[in-house]
Amino acid sequence: MIFDTPESKLENQYVLQTTPRFRFVDLFAGLGGFHVAFQELGGSGVFAAEWEPTLNALYKDNFGLEAWTDVNKLEPIEAIDSIVPDHDVLAAGFPCQPFSKAGEQLGFEHTLQGRLFFKVFEILEVKRPGRFILENVPNILRHRGGKTRDTIVEKLEGLGYQVAIERFSPHQFGIPQVRERAYFVGSLDGLEDFEWPVKGKKPTEITSVLHGGPPKTRPIPEQTLRAIDMWGDFLRRSPDAVKLPSFPIWSMEFEATYPYEDSTPQAIWNSRSSYGLNGLHLRGNFGFELDGLSIPEQYAMLPSHARREGDVSFPRWKRTFIRQNREFYRDNQSWIRPWLNEWRPWEFHSSFQKFEWNAQGGIRDIDRYVLQVRASGIRVKQPTTAPSLIAMTQTQVPILGAQIAGTRRYMAPEECSELQSLGSIKLPESELAAYKALGNAVNAQVVRAIAEPLLRGVENYKSQKQLGNVA
């Protein structure tokens, strides 16, 4: 059930709370993706926790439930029993930043967020709900060589839960977003009857979540639009017979000749500190001459990926990308050089100097695709799916090409909400806050698909617990 008005939300919430199929708690609740999914399955939320003030207030607006603020304030452990109501299912999308490849991967050692899993563990230990679902980034399964995953499973199994783990992405359920997440499920009465939902191969299309008419969104910065036009022209100039690279295009390597295979500019500076690369007739990014420049000036003329201080050798992946880009330019300079002279990409921010073509075989018209501006470059994706929503920055919100949306524009928050299967719940008024919350949200439809088989037998377990037949 997706609610359309605050009145209908509260009315349906009241009905569900009087005759709930199960009771659940929603930890690190965010926008309430777990709540949306569980409520659709007949559940009633009895406790939620969300530390961010705007989202905490929105939780009550959307679901009629006053959310606790900071789970760390559930201290001492004995206080949990009196504060957290009895419940049948616990859900938690505990903070992912300590385990994400995009961060420092400090894991449980992250003093602010990494150890919040253990607060989830304490609530499970005290309240002993029959079921749980936990969600996090897939890298948590590989973090510390698998030791983080093993610690989580060991702790949960120590409480008597049988645990299973799987990865899912919304696009596997017909939702046009690629956003893989790891899900841990557990049951105190076993998982013999539980089956993970089937990962489907339904065709998806980004237009299925777009709202009619151009929604109000912030304008795309002029420099970003020019960069898109620049790479759109690159695509138009490329001959049909030329296969565009699947590796990232680093235009700053076009005409560069600085050393990278067996040495680096820094290694040469260390041995020739008085004049650096002078006299070697080497060129930096876009072919700018390095001779006659001081070492700081030479440093400024190198691509950003070659400026790491102290690098006396480049890692293999970087050497490979540099080699591939220089070879690509060597074979295609007849049409690339005029493009360089016209657009002068060295005048753009370094992230705009890079390009990722993830639409192999597609028509070379940039406005037919979904774009995303990343530190690694302007990424072009087929219009079948949106890239993963990211909470850390507003700049990576998907940009829709003019052939998709009628005009080149960002996806609106309401459309991103559809990507998370949240329906018409109320979002933060600030566009930046809305995008950030949506990037942190759990996908409600994926959760529902997992929860439905997990909840089989929950009423029986609840009855047995009330009779005292289970611990």
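Reader: Let's start with the whole chain: what percentage of the residues count as buried?
Author: Keep in mind that this is a predicted model. The protein chain has 471 residues, and it holds 15 helices and 12 strands. The share of those residues that count as buried is 54%.

Reader: And for contacts with a separation of 6 or more, what share comes from residues 24 or more positions apart?
Author: Take the contacts in the protein chain with a separation of 6 or more as the whole. Residues 24 or more positions apart account for a part of these, and that part is 68%.

Reader: Zooming in on S169, where does it sit?
Author: Look at the two strands on either side of S169, β5 (162-168) and β6 (181-187). S169 is in the loop between β5 and β6.

Reader: Is S169 buried or exposed?
Author: The cut-off for buried is under 20% relative accessible area. S169 comes in at 2% relative accessibility, so it counts as buried.

Reader: Which side chain does the S169 side chain make a polar contact with?
Author: The S169 side chain has a couple of things going on. It reaches the backbone oxygen of Q177 at 3.5 Å. Its side-chain partner, at 2.8 Å in a polar contact, is H171.

Reader: Leaving out residues up to four places away in sequence, which residues does S169 touch?
Author: Q177 is one of them, and the S169 side chain also reaches the backbone oxygen of Q177. The full set that S169 touches, with sequence neighbours up to four places away left out, is Q177, V178, R179, E180 and V446.

Reader: Now some helix packing: are α5 and α6 roughly parallel or roughly antiparallel?
Author: Two packed helices are described by the angle between their axes and the distance between the axes. For α5 (residues 116-127) and α6 (residues 147-158), the axes come within 10 Å and cross at roughly 15°. That angle makes α5 and α6 roughly parallel.

Reader: Which α6 residues make the contact with α5?
Author: α5 passes α6 in a right-handed crossing. From α5, the contact uses F117, F118, F121 and L124. By class, the contact has 6 nonpolar, no polar and 1 charged residues. On the α6 side, the residues are I152, K155 and L156.

Reader: What about α2 and α14: roughly parallel or oblique?
Author: The axes of α2 (residues 33-40) and α14 (residues 444-454) come within 8 Å and cross at roughly 45°. Under 35 degrees would count as roughly parallel. α2 and α14 are therefore oblique.

Reader: How many charged residues are in the contact of α2 with α14?
Author: This pair also has a handedness: α2 passes α14 in a right-handed crossing. α2 brings G33, F34, V36, A37, F38 and E40, while α14 brings A444, V447, R448 and A451. These divide into 7 nonpolar and 1 polar, and the number of charged residues is 2.

Reader: In α13, which residues are buried, and what covers them?
Author: Within α13 (residues 431-440), the buried ones are E431, A434, Y435, A437, L438 and G439. What covers them includes α3 (53-63), β12 (409-410) and α12 (413-419).

Reader: Is F28 buried or exposed, and which residues is it in contact with beyond four places in sequence?
Author: F28 lies in the loop between β1 (22-27) and α2. With a relative accessible area of 17%, F28 is buried. The C-alpha atoms of F28 and A48, 20 residues apart along the chain, are separated by 7.7 Å. Beyond four places in sequence, the contacts of F28 are A49, E50, V71, A92, G93, F94, P95, L116 and V120.

Reader: Any backbone oddities? Which two residues does a cis peptide bond join?
Author: Go to the loop between α3 and α4 (79-83), where P76 sits. Omega is about -10° for the cis bond, and the residues joined are E75 and P76.

Reader: R144 and S421 both have positive phi; which one is buried and which partly exposed?
Author: R144, in the loop between β4 (131-136) and α6, has a phi of about 55° although it is not a glycine. S421, in the loop between α12 and α13, has a phi near 60°. R144 has 40% relative accessibility, so it is partly exposed. At a relative accessible area of 13%, the buried one is S421.

Key
Residues are numbered from 1 along each chain as its sequence is written. This is a predicted model: local features need pLDDT of at least 70, side-chain atom pairs count only at pLDDT 80 or more; totals for chains, interfaces and linings use all residues. Side-chain values use heavy atoms; hydrogens and water are left out. Helices (H or I, at least four residues) and strands (E, at least two) are DSSP runs, numbered from the N terminus. Buried means under 20% relative accessible area, exposed over 50%, partly exposed in between (1.4 Å probe, protein chains only). A polar contact is a pair of N or O atoms within 3.5 Å; within protein, one must be able to donate a hydrogen and the other to accept it, and residues adjacent in sequence count only if both atoms are side-chain atoms. Contact means heavy atoms within 4.5 Å. Axes are lines fitted to C-alpha atoms, for helices over the stretch in contact, and angles run from 0 to 180 degrees between N-to-C directions. Angles under 35 degrees count as roughly parallel, over 145 as roughly antiparallel, 65 to 115 as roughly perpendicular and the rest as oblique. A crossing is left-handed if the near helix is turned anticlockwise from the far one by less than a right angle, and right-handed if clockwise. Ala, Val, Leu, Ile, Met, Phe, Trp, Tyr, Cys and Pro count as nonpolar, Asp, Glu, Lys and Arg as charged, and the others, Gly among them, as polar.
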